[in-house]
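User: Please go through this structure with me. For each label that is applied, I should like to know the value behind it.

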Amino acid sequence: MQSSVGAGKHYAFRTQEAESGSLKVGISGILSVETAKAFTADVDGLLDRTSAPALIFDLNGIEYLDSTGALALILSRDKAARKSIHVRMTGMSAETGRMIGIVDPEADCCCETPKRTAPNAWMRAQDVAARLSDRMDLICLFVGDLAASLAASLVRPRSVRWEAVLFYMKRAGMEGLPIVGLISILLGMIMAFMASLQLRMFGANLYVASLVSIALVKELGPIMTAILFAGRSGSAFSAEIGTMRVNEEIDALSTMGFEPVNFLVVPKVIASILVVPILTLYADLLGILGGLFVGIAGMDLTVQSYLQQTKESLEVFDVVSSLFKSMCFAALIAGISCHHGFQAKGGAEAVGSATTSAVVSSIFLIIITDSAFAIMLHYIR
Amino acid sequence: MRGSGQPVIDIQGISAYYRDHRVLEDVSLRVFRGEIFVVVGESGCGKSTLLKCMTGLYRPDQGRVLIQDTDLISADDEALLQVKRRFGVLFQSGALIGSMTLAENIALPLTEHTDLDPGFIDEIVRMKLRLVNLAGYEDAFPSELSGGMKKRAGIARALALDPQILFLDELSAGLDPVTSAGLDQLVKDINAGMGTTMVIVSHELNSIMTIADRIIMLDKRARGIIAEGDPRKISENASDPRVHRFFNRIPPKGF
């Protein structure tokens with residue numbers, strides 16, 4: 001019996017009868033990570049077939065043995081022992097002996113191994129509950145911290161890093177104009193088009209203007225802008241802070257005497273509160289513009305009549321309340337995104353999951369807050 | 001067998017530039033089978049660049065890098081992959097993949113590059129962890145380990161495919177003397193037991209004196225090698241002031 005694997009990584013396995021019924025196995029060539037599989041298969045085959053009470057591994061012909069090969073030798077020795085076949089190794093060179101020596105698990109002392117017990121369902125439930133309450137604690141702490149810092153910056157506006165505020169206003173606001181604009185125009189056009197299909201049947205084409213403007217200013221403008229802001233900037237905030245946390249930059253800031261919330265979060269929150277209402281207003285205007293295009297091109301409305309109708313259907317209160325609402329969205333998105341960034345622990349993956357949860361919780365909070373506003377505004381009026 | 005035979009790494013006249021800043025100029029060196037070869041020098045002298053040239057992460061602008069007779073610069077992708085399987089690299093920070101347990105980290109190259117059975121791979125993983133004295137930490141995540149343990153786990157991963165050459169970047173940087181001495185011992189044991197050729201970048205004088213068979217010293221201004229040989233001899237009879245300063249920890253004038 002002989003097997004060889006490829007040219008350049010030759011390995012051979014020969015068996016012959018030896019004295020007193022034992023079988024002599026000549027192993028030669030290269031026994032390494034490349035040939036270990038073939039060797040294991042050969043030994044398994046031999047152990048299945050043989051009836052010999054003892055095997056002698058002759059390692060004289062081994063040219064190269066690496067630790068994987070040595071492990072394969074030892075494992076086949078143990079496997080044979082389980083079938084009560086005794087294995088003896090002969091013809092070891094000094095190098096082979098050394099290699100087997102450092103690989104053999106029985107050769108070194110068994111240092112104590114930390115054992116992990118698998119948690120049962122009750123323990124796991126407790127664990128989840130504890131983690132949940134921890135998370136609530138952290139959120140409360142963060143909200144308190146942030147509120148205190150914001151209040152402090154109202155009292156002492158000089159303590160705010162205004163250049164950072166401007167930087168984030170540019171990042172989150174100005175650079176977001178194209179995408180927010182594009183989506184709002186398209187949204188306005190789609191709404192006007194879909195509405196016109198229905199309203200045309202009643203000859204109420206003019207009311208397309210009212211529908212588009214009310215829907216956009218009261219609901220869709222703020223919500224669309226907020227969701228885009230969460231995806232564009234909330235994720236960036238949380239990834240930035242998360243990476244700083246992982247790289248111990250936040251610890252460095254604290255030891256240098258900076259309050260991390262003050263230093264990192266306050267500028268972002270202020271910039272967001274300033275910039276999101278402007279973005280919302282811009283989205284409203286472009287949405288109405290989109291509706292206007294469709295109105296003129298598809299429904300024979302004049303620019304003047306469309307704008308007149310828009311003006312009549314909106315009130316100042318609607319615009320102001322929607323801008324206030326978008327301010328709340330901005331504070332929530334920036335705050336929760338930064339909060340998730342601070343929770344990142346570990347490595348690259350933690351930053352990724354912090355960013356994901358930042359965007360998910362932002363969108364969730366947007367919807368919740370929007371429903372709250374819908375009810376409140378209904379009763380206020 | 002130490003320091004004899006044909007070289008496993010043969011670098012012939014390489015030069016490396018970053019933009020218009022020359023880091024290495026016409027550097028040649030040889031590393032022989034089974035030796036522990038240490039690259040020393042002050043920060044910014046091109047140690048890491050040299051290591052990157054040897055591991056194929058950076059292509060030098062001139063010269064040849066031969067690893068066991070394969071030229072890293074002219075080799076095609078297939079040949080490059082073959083060479084890369086023959087060496088292991090320990091990165092400065094360990095560079096373990098944070099989302100995987102230690103066992104998964106070490107098994108990664110094995111499952112990717114070999115067709116061994118999963119059961120046998122588990123045995124190999126346990127054996128490698130035992131080699132670096134981390135038995136029992138199979139299910140631990142890298143973030144749960146101390147600095148020294150991360151280094152040792154990194155060595156275990158570098159050893160996964162039984163490389164003939166091991167590159168170790170900043171082996172003992174940022175570790176306490178005891179841990180660092182333990183790592184030195186580990187490197188010596190692996191070298192003695194498995195005959196692995198070691199190329200180490202290091203700053204730690206104590207560690208260099210204990211483990212190195214041969215060192216080269218690079219210099220920023222010379223952009224190349226200013227000393228080569230047995231570290232004990234070099235430190236005793238250093239005539240070059242730069243070498244003398246390094247081994248006696250004397251800052252340069254005007255520092």
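User: In which helix of chain A is the place of A:Ile190?

Analyst: This is a predicted model. In it, A:Ile190 belongs to helix H6 of chain A, which covers residues 177-199.

User: Which residues make the nonpolar surface patch of about 640 Å², and what makes residues count towards such a patch?

Analyst: The patch is made by A:Ile179, A:Leu182, A:Leu186, A:Ile190, A:Phe193, A:Met194 and A:Leu197. Residues of a patch need over 30% relative accessible area and no salt bridge, and nonpolar side chains are joined within 5 Å.

User: Why are A:Asp48 and A:Lys83 said to form a salt bridge?

Analyst: The closest N and O atoms of A:Asp48 and A:Lys83 are 3.1 Å apart. The cut-off is within 4 Å for a Lys or Arg nitrogen and an Asp or Glu carboxyl oxygen, so the pair qualifies. The two residues come from distant parts of the chain, 35 residues apart: A:Asp48 is in helix H1 of chain A, and A:Lys83 is in the loop between H2 and E4 of chain A. By this rule, the count over all chains comes to 23 salt bridges.

User: Why is A:Asp48 called exposed, and why is A:Lys83 called partly exposed?

Analyst: The relative accessible area of A:Asp48 is 60%. Exposed means over 50%, so A:Asp48 earns the term. For A:Lys83 the value is 40%. Partly exposed lies between the limits of 20% and 50%, therefore that label applies to A:Lys83.

User: What makes A:Glu175 and A:Arg171 a salt bridge, and which residues are linked with them in a network?

Analyst: Their side chains meet at 3.7 Å, N to O, and this value is within 4 Å, so the pair meets the rule. A network of salt bridges links A:Lys170, A:Arg171 and A:Glu175. A:Glu175 is partly exposed at 37% relative accessibility, and A:Arg171 is partly exposed at 44%.

User: How far apart along helix H4 of chain B are B:Glu123 and B:Arg126, and what is the N to O distance of their salt bridge?

Analyst: They are 3 residues apart in helix H4 (residues 118-131) of chain B, which means a separation of about one helical turn. The N to O distance of their salt bridge is 3.3 Å. B:Glu123 has a relative accessible area of 25% and is partly exposed; B:Arg126, at 37%, is also partly exposed.

User: Why are E1 and E4 of chain A said to stand at the edges of the sheet?

Analyst: The open sheet has 4 strands in the order E1-E2-E3-E4 (chain A), with mixed pairing. Strand E1 (11-17) and strand E4 (86-90) each have a single partner strand, so one side of each is left without a neighbour in the sheet. Neighbouring strands are turned by 20 degrees against each other on average, direction ignored.

User: How do you know that E1(A) and E2(A) pair?

Analyst: Pairing requires at least two bridges, and 7 bridges join E1(A) to strand E2 (residues 23-31) of chain A, so the two strands pair; they run antiparallel. Among the facing residues, A:Ala12 stands opposite A:Ser28, and A:Arg14 has A:Gly26 as its bridge partner. The hairpin of these strands has 5 residues between them, and A:Ser20 takes a positive phi near 55 degrees there.

Note on methods: Residues numbered from 1 in each chain as written. Chains lettered and ligands numbered in written order. Predicted model: local features only at pLDDT ≥ 70, side-chain atom pairs only at ≥ 80, totals over all residues. Heavy atoms only, no water. Axes fitted to C-alpha atoms, helices over the stretch in contact; angles between N-to-C directions. Patch = residues over 30% accessible without salt bridge, like charges linked within 9 Å, V, L, I, M, F, W, Y side chains within 5 Å. Areas by Shrake-Rupley, 256 points an atom, 1.4 Å probe, with all protein chains shown as cover. Buried < 20%, exposed > 50% of the residue type's maximum accessible area, 1.4 Å probe, protein only.
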